[in-house]
Amino acid sequence: VVAEVRAAGGTAIAACCDISDRDHVVEMIDAAAAQFGRIDVVVHNATVFALPSEFDSADVADLERILRVNVHGGWNVVQAAWPHMRRQGYGRIVVTGSGAGFFGRRLDHAYSIAKGALMTLTKLLATEGEPLGIKANLIGPAAWTENAKAQGMPPLMERFAPTELISHIVAALAHEDCPVNGEM
């Protein structure tokens, strides 16, 4: 991806880390701030999931793994970027939630719980960030993908839920003129 961005005339750096490891995340954010001079936007899109199961046979290890990436990872990334945003009096945070977090998804307990926790994290960040010039919002995307098809999204949605619409809403929420805060 970095090569593609550079070939198109942009500037990019690669940063690979386990976002559940706070020290690695701080290094990643600090490297980005050093390269670009500031941190204006954080998009937390990292996720993992477990195979579907009935609740009574769900594995608590899956819950711990999913919370580590989805919730702890989101916390770590935003918390590492927060001092940069606070100092500059500006920031935008976009968190990727899910309908599973809004409503719960049958046989997908741990993922649903983690995405629900991200809703609360986003609301708290929006409240605390508002006087600092930091806005936080959450998307619950639905897009026509192979994964969505496998989960039973009807073929009609191919016309109405192209993936590029998700990037458009992320760009709007990340924009300096974003009119909303704490929305989902």
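This report walks through the sheet, two helix packings and three single residues of a predicted model.

**The sheet**

Let us start with the strands. The model has an open sheet of 3 strands, arranged in the order β1-β2-β3 with parallel pairing. At the edges sit β1 (41-44) and β3 (134-139), and each of these has a partner on one side only. From one strand to the next, the twist averages 10°.

As general background, strands of a sheet pair through backbone hydrogen bonds, either parallel or antiparallel. Here, β1 and β2 run in the parallel sense and share 4 bridges. One pairing to look for is V43, whose bridge partner in β2 is V94. On the other side, strand β2 (residues 91-96) pairs with β3, again in the parallel sense, over 6 bridges. V94 turns up here too, standing opposite N137 in β3. Helix α5 packs on this sheet and touches β1, β2 and β3, its direction making about 160° with that of β3.

How much of β3 is buried? In this strand, 5 of the 6 residues are buried, so β3 is largely enclosed by the rest of the structure. For β1, it helps to look at the two faces. In a regular strand the side chains alternate between the two faces of the sheet. V42 and H44 make up the covered face of β1, while V41 and V43 make up the uncovered one.

**Two helix packings**

Now to the helices. Two packed helices are described by the angle between their axes and the distance between the axes. The table puts the two pairs side by side.

| Helix pair | Angle between axes | Axis distance |
|---|---|---|
| α3 (residues 60-88) and α5 (residues 109-129) | roughly 15° | within 8 Å |
| α2 (residues 22-36) and α3 | about 40° | 9 Å |

With a crossing of roughly 15°, α3 is roughly parallel to α5, because angles under 35 degrees count that way. The crossing of α3 past α5 is right-handed. By class, this contact holds 15 nonpolar, 3 polar and 3 charged residues. On the α3 side, the residues that meet α5 include L63, I66, L67, W75 and W82. Their counterparts in α5 include Y111, I113, L118, L121 and L125. Charged residues take part as well, among them D62 from α3 and K115 and E128 from α5.

The second pair, α2 and α3, packs at an angle of about 40°. These two helices are therefore oblique to each other. Their crossing is right-handed. R22, V25, V26, M28, I29, D30 and A33 of α2 meet N76, V77, Q79, A80, A81 and H84 of α3. The residues of this contact divide into 8 nonpolar, 3 polar and 2 charged.

**Two residues of α3**

Two members of the α2 contact, N76 and H84, deserve a look of their own. N76 has its place in helix α3. Is N76 buried or exposed? Its relative accessibility is 7%, so N76 counts as buried. Leaving aside residues up to four places away in sequence, N76 touches I19, S20, D21, R22 and V25. One of these contacts, R22, is 54 residues from N76 along the chain, and their C-alpha atoms are separated by 5.6 Å.

H84 also lies in helix α3. With a relative accessible area of 14%, H84 is buried. Which residues does H84 touch, not counting those up to four places away in sequence? They are I29, D30, A33 and I39. Of these, I29, D30 and A33 also appear among the α2 residues that meet α3.

**A loop residue with positive phi**

The last stop is L107, in the loop between α4 (99-103) and α5. Most residues other than glycine have a negative phi. At L107, phi is near 70°, a positive value in a residue other than glycine. Is L107 buried or partly exposed? Its relative accessibility of 24% means that L107 counts as partly exposed.

Terms used
Residues numbered from 1 in each chain as written. Predicted model: local features only at pLDDT ≥ 70, side-chain atom pairs only at ≥ 80, totals over all residues. Heavy atoms only, no water. Axes fitted to C-alpha atoms, helices over the stretch in contact; angles between N-to-C directions. Parallel < 35°, antiparallel > 145°, perpendicular 65-115°, else oblique. Left-handed = near helix turned anticlockwise from the far one by under 90°. Contact = heavy atoms within 4.5 Å. Pairing = 2+ DSSP bridges. Buried < 20%, exposed > 50% of the residue type's maximum accessible area, 1.4 Å probe, protein only.
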